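Work through the exercises below with the sequence and the structure in view. Each task is followed by a solution in steps.

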Amino acid sequence: MMENLTKEKSLTSIIDTSSEFQFNGVKSTASDMKIRMETKNLTVMYGKSTGIKDVSIPIYDNKVTALIGPSGCGKTTFLRALNRMHDMTRIAKVTGEVLLDNKNIYDEDVNPVIIRRKIGMVFQKPTPFPTMSIYDNVVAGLKLVGIRKKSLLQDVCEKALTQAALFDEVKDRLNDSGVSLSGGQQQRLSIARALAVEPEVLLMDEPTSSLDPQATTRIEELIHTLKNDVTIIIITHNMQQAARVSDKTAFFYVGDLVEMGDTRNIFTKPKEKKTEEYLTGRFG
Ligand SMILES: Nc1ncnc2c1ncn2[C@@H]1O[C@H](COP(=O)(O)OP(=O)(O)OP(=O)(O)O)[C@@H](O)[C@H]1O
Ligand SMILES: [Mg+2]
């Protein structure tokens, strides 16, 4: 008992020392928790080496789930398995299940292209299409599915760029090349492109690691707004960010899921010693 109290106190004091450290404040109750996605014994192998092993977690609808853990522990590997991105990597082998609305997205009758439209992704590094203008980058996904109406494309483009906190900076140069933007702007362009197709689930791999504090705040605000419509899973190395934006947190360590729970509980009274050690900066 005494030991537990001491443990809690030391974690709380670490968190409280940062004035920025605020919890998202959303109280979740059993009744407002609907499972949107679920992984069951999800394992990804790269040849003989393990990316993640046996990860089984629920992803709740209209909630933000943060994935945290030291570098190389499998966060990106896990995220990419959620929309079949490993299909493109020959060496990667995925086993187990990823359910979206109770249907395994790895079933033979599932079209991965449709899955990736429903489950969008923002990568750690910006990924504008180099030969396309800013405008065409944003609407690329819509054009791909045959939408041609100019007024609609223009509306979607403006909305997505505004959501991604980029519109004001690029509104007079929409025909310039996507790669003429700065790194941070390119990242927001990639976010706008992902949003333009209105995904149901959005996977974000360290989306703000190349952004300045102002753009980071705008993206965190966007995440707050978006979660009314979209289920979000975000990888971050910034613990303050995880605490600010997420409802649930999953902690990964060398390919294993160590624990997952309400963000507040993970940060103030983690069940596992490894989680506490990571959060208090003892490794990672
Ligand atoms: N394409 C690949 N081929 C072989 N091994 C890979 C590949 N991608 C990742 N790995 C390995 O899988 C393990 C997990 O990597 P992953 O990129 O998922 O980590 P991460 O938690 O996202 O790290 P970071 O925080 O640095 O982004 C690492 O050991 C990595 O070397
Ligand atoms: Mg990663």
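**Exercise 1. Find which residues Leu67 touches, leaving out residues up to four places away in sequence, and place Leu67 in the nonpolar core.**

Step 1. Two residues are in contact if their C-beta atoms, placed from the backbone, lie within 7 Å. With residues up to four places away in sequence not counted, Leu67 touches Lys75, Phe78, Leu79, Ile233, Ile235, Ala250 and Phe252.

Step 2. A nonpolar core is a set of buried Ala, Val, Leu, Ile, Met, Phe, Trp, Tyr and Cys residues joined through C-beta atoms within 7 Å. A residue is buried if 20 or more other C-beta atoms lie within 10 Å of its own, exposed if 12 or fewer, and partly exposed in between, with C-beta atoms placed from the backbone.

Step 3. The largest nonpolar core has 69 residues, and those that touch the most other members are Leu67, Ala160, Ala164, Ala192, Leu203, Ile234 and Phe252. Helix 7 gives the largest share of this core, 6 residues.

Before going on, note the conventions. This is a predicted model, in which local features need pLDDT of at least 70 and side-chain atom pairs count only at pLDDT 80 or more, while totals for chains, interfaces and linings use all residues. Residues are numbered from 1 along each chain as its sequence is written, and chains are lettered from A and ligands numbered from 1 in the order in which they are written.

**Exercise 2. State how many helices and strands the protein has, and what percentage of its residues count as buried.**

Step 1. Helices (H or I, at least four residues) and strands (E, at least two) are DSSP runs, numbered from the N terminus. The protein has 11 helices and 11 strands.

Step 2. Of its 284 residues, 40% count as buried.

Step 3. Among contacts with a separation of 6 or more, 69% join residues 24 or more positions apart.

**Exercise 3. Describe how helix 4 packs on helix 5.**

Step 1. Axes are lines fitted to C-alpha atoms, for helices over the stretch in contact, and angles run from 0 to 180 degrees between N-to-C directions. Helix 4 (residues 134-144) and helix 5 (residues 150-163) have axes 9 Å apart and pack at an angle of about 110°.

Step 2. Angles under 35 degrees count as roughly parallel, over 145 as roughly antiparallel, 65 to 115 as roughly perpendicular and the rest as oblique. Helix 4 and helix 5 are therefore roughly perpendicular to each other.

Step 3. The contact involves Tyr135, Val138, Val139 and Leu142 of helix 4, together with Leu153, Val156, Cys157, Ala160 and Leu161 of helix 5.

Step 4. Ala, Val, Leu, Ile, Met, Phe, Trp, Tyr, Cys and Pro count as nonpolar, Asp, Glu, Lys and Arg as charged, and the others, Gly among them, as polar. The contact of helix 4 with helix 5 has 9 nonpolar, no polar and no charged residues.

**Exercise 4. Describe how helix 7 packs on helix 4 and on helix 5.**

Step 1. The axes of helix 4 and helix 7 cross at roughly 30° and come within 7 Å. That makes helix 4 roughly parallel to helix 7.

Step 2. From helix 4 the contact takes Ile134, Asn137, Val138, Val139, Ala140, Gly141 and Leu142, and from helix 7 Leu189, Ala192, Arg193 and Ala196. By class, the residues of the contact of helix 4 with helix 7 are 8 nonpolar, 2 polar and 1 charged.

Step 3. Helix 5 and helix 7 have axes 8 Å apart and pack at an angle of about 130°, and are therefore oblique to each other.

Step 4. Here Val156, Ala160, Leu161 and Gln163 of helix 5 meet Ala192, Leu195 and Ala196 of helix 7. The contact of helix 5 with helix 7 divides into 6 nonpolar, 1 polar and no charged residues.

**Exercise 5. Is Asn102 buried or exposed? Is Glu206 buried or exposed?**

Step 1. Asn102 is in the loop between strand 5 (92-100) and strand 6 (103-104). Asn102 counts as exposed, because 9 C-beta neighbours are inside 10 Å. Its phi is near 70°, a positive value in a residue other than glycine.

Step 2. Glu206 is in the loop between strand 8 (201-205) and helix 8 (213-226). Glu206 is buried, because 21 other C-beta atoms are within 10 Å. Although Glu206 is not a glycine, its phi is positive, about 45°.
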